[in-house]
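Hi,

Here is the model I promised to pass on. Have a look at it first, and my notes on what I found follow below.

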Amino acid sequence: MSRNIDPAVSSDEESAARFIHAARHFRQPRAARFTAMVGIGGRRLLLKIENGAVASIDNLASLRPLAAWDFSVTADADAWLRFWEALPAAGWHDIFALTRHDRMRIEGNLHPFMAHLQFVKDLLASPRTEGSEHA
């Protein structure tokens, strides 16, 4: 019996796994503390950041509907993959460039987002260093 695999779902899962792997190893000497939702295609991940590290990553599908976050950053899997290239092309290199071209959305309480902007940008780009393992 053959399985029909939706390429978009498969890409979402692979991209989410790549991000989770990189995020679990991400650390910076900052006192960052916030909760963010990262949407990768159809996947929604809840990240709790404490003391400059990812304290936990949970799949929102398995959480109660009352899960809350300070802000969210969402894009389709293709946009994330292009953003995570070792040397992204112009327009794909920065989260603000992606939002300007309607490929990414940033929503919610922007105070913690802006207060820890470099941390957030580095965290979201962390799979770039993982690229050679997942190419």
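Before the hairpin, a quick word on terms: helices and strands here are DSSP runs, with at least four residues for a helix and at least two for a strand, numbered from the N terminus. Two strands count as paired if DSSP finds at least two bridges between them. With that in hand, E1 and E2 make a hairpin with two residues between them, and glycine 41 in the turn has a positive phi of about 60°. Keep in mind throughout that this is a predicted model.

Now the overall layout. The chain has six helices and five strands, and along the sequence they come in the pattern α-β-β-β-β-α-α-β-α-α-α. Of the 135 residues in the chain, 44% are buried. If you take contacts between residues at least 6 apart in sequence, 65% of them join residues at least 24 apart.

On to the sheet. It is open, has five strands in the order E3-E2-E1-E4-E5, and its pairing is mixed. Strand E3 (53-59) and strand E5 (104-108) sit at the edges, each pairing on one side only. On average, neighbouring strands are turned by 20° against each other, direction ignored.

Here is how some of the strands pair up:

- E1 and E2 run antiparallel and are joined by eight bridges; methionine 37 has leucine 46 in E2 as its bridge partner.
- E1 and E4 run parallel, with five bridges between them, and valine 38 is partnered with valine 73 in E4.
- E4 (residues 71-75) and E5 are antiparallel, again with five bridges; threonine 74 stands opposite arginine 105 in E5.

E1 is worth a second look: seven of its eight residues are buried, so this strand is largely enclosed by the rest of the structure.

What about the core? The largest nonpolar one has 32 residues, and Phe19, Trp80, Leu123 and Leu124 are those with the most contacts inside it. Two or more residues each come from helix H1 (7-24), strand E1 (33-40), strand E2 (43-50), E3, E4, helix H2 (77-83), helix H3 (95-100) and helix H5 (117-125). H5 gives the most, with five residues.

Which residues does phenylalanine 19 touch, leaving out those up to four places away in sequence? The list is Val38, Ile40, Leu45, Leu47, Trp84, Leu123, Leu124 and Pro127.

That brings me to the aromatics. There are eight aromatic pairs by the rule used here. Phenylalanine 19 and tryptophan 84 are stacked, 6.2 Å centre to centre with 10° between the planes. Phenylalanine 19 lies in helix H1 and tryptophan 84 in the loop between H2 and H3, so this pair ties together parts that are 65 residues apart in sequence. Both phenylalanine 19 and tryptophan 84 are buried.

Phenylalanine 96 and phenylalanine 113 give you an edge-to-face pair, at 6.1 Å centre to centre and 85° between the planes. It links distant parts of the chain, with phenylalanine 96 in helix H3 and phenylalanine 113 in helix H4, 17 residues apart. Are these two buried or exposed? Phenylalanine 113 has a relative accessible area of 1% and is buried, while phenylalanine 96 counts as partly exposed because its relative accessibility is 31%, and the partly exposed range runs between 20% and 50%. Ring pairs also link Phe26, Phe34, Phe71, Phe96, Phe113 and Phe119 into a cluster.

There is a charge over a ring as well: arginine 128 lies over the face of phenylalanine 83, at 4.4 Å from the ring centre. Arginine 128 turns up again with leucine 87; the two are 41 residues apart in sequence and 8.4 Å apart in space, C-alpha to C-alpha. Leucine 87 is in the loop between H2 and H3, and it is exposed, with a relative accessible area of 78%.

One last spot to click on is histidine 111, in helix H4 (residues 110-115). This histidine 111 is exposed, at 62% relative accessible area. Histidine 111 and phenylalanine 71 are 40 residues apart in sequence, and their C-alpha atoms are 9.0 Å apart in space.

Cheers

Note on methods. Residues numbered from 1 in each chain as written. Predicted model: local features only at pLDDT ≥ 70, side-chain atom pairs only at ≥ 80, totals over all residues. Heavy atoms only, no water. Axes fitted to C-alpha atoms, helices over the stretch in contact; angles between N-to-C directions. Core = buried A, V, L, I, M, F, W, Y, C linked by side-chain atoms within 4.5 Å. Buried < 20%, exposed > 50% of the residue type's maximum accessible area, 1.4 Å probe, protein only. Contact = heavy atoms within 4.5 Å. Phe/Tyr/Trp six-rings, centres within 6.5 Å; stacked < 30°, edge-to-face > 60°. Lys NZ or Arg CZ within 6 Å of the ring centre and 35° of its normal.
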